[in-house]
Amino acid sequence: GLMASTCMRSRMLGAYRALLRTQRVVFKGDLEMQAKARAETKAMFLQNRDAKNEELQKMIEDAQEANDFLRANVIQAEHNPETGNYTQKIRPEHTTEGPAPTGQPLDQK
């Protein structure tokens with residue numbers, strides 16, 4: 001197969017940068033998690049730098065899914081040593097309109 005096109009490489013780089021931006025937002029103030037997430041993301045992208053167009057398309061989709069998952073599902077909590085409680089740092093993307101989730105498995109028939 002042919003090497004990946006410039007357009008596909010550009011899309012891949014955009015997905016990579018978007019994922020790094022999301023990690024900075026989601027793990028704001030948690031330098032250790034930011035460093036771990038960045039290192040893992042960089043390693044995955046470098047490992048696949050010679051990927052063909054079909055493989056790159058799958059990687060772009062995976063990066064976008066990871067991006068969406070992190071934004072929707074990761075909530076930071078900060079420990080308050082005085083009360084022993086945790087305070088959640090809710091971002092706008094965590095709030096939804098409509099009924100609250102029921103906690104039921106998605107695959108119920």
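Mentor: A salt bridge is a side-chain nitrogen of Lys or Arg within 4 Å of a carboxyl oxygen of Asp or Glu. The model discussed here is predicted.

Trainee: How many salt bridges does the count come to by this rule?

Mentor: Side chains of opposite charge can pair when their charged atoms come close. Among the pairs are Asp62 with Lys58 and Lys89 with Glu78. By the rule, the count of salt bridges comes to three.

Trainee: Which residue meets Asp62 in a salt bridge?

Mentor: Asp62 lies in helix H3 (residues 53-73), and its partner is four residues apart from it, about one helical turn. The N to O distance is 2.8 Å, and the cut-off is 4 Å. Asp62 is partly exposed at 34% relative accessible area, and the partner is partly exposed at 47%. That partner is Lys58.

Trainee: Is Glu32, the partner of Lys36, buried or exposed?

Mentor: Lys36 and Glu32 both belong to helix H2 (residues 31-47), four residues apart, and their closest N and O atoms are 3.1 Å apart. Lys36 has a relative accessible area of 48% and is partly exposed. The relative accessibility of Glu32 is 53%, and the class above the partly exposed range begins over 50%. Glu32 therefore counts as exposed.

Trainee: Which strands hold Lys89 and Glu78?

Mentor: Lys89 forms a salt bridge with Glu78, with the closest N and O atoms 3.0 Å apart. The pair ties together parts that are eleven residues apart in sequence, Lys89 being in strand S2 (residues 86-89) and Glu78 in strand S1 (residues 76-79). The strands are thus S2 for Lys89 and S1 for Glu78.

How values were computed. Residues are numbered from 1 along each chain as its sequence is written. This is a predicted model: local features need pLDDT of at least 70, side-chain atom pairs count only at pLDDT 80 or more; totals for chains, interfaces and linings use all residues. Side-chain values use heavy atoms; hydrogens and water are left out. Helices (H or I, at least four residues) and strands (E, at least two) are DSSP runs, numbered from the N terminus. Buried means under 20% relative accessible area, exposed over 50%, partly exposed in between (1.4 Å probe, protein chains only).
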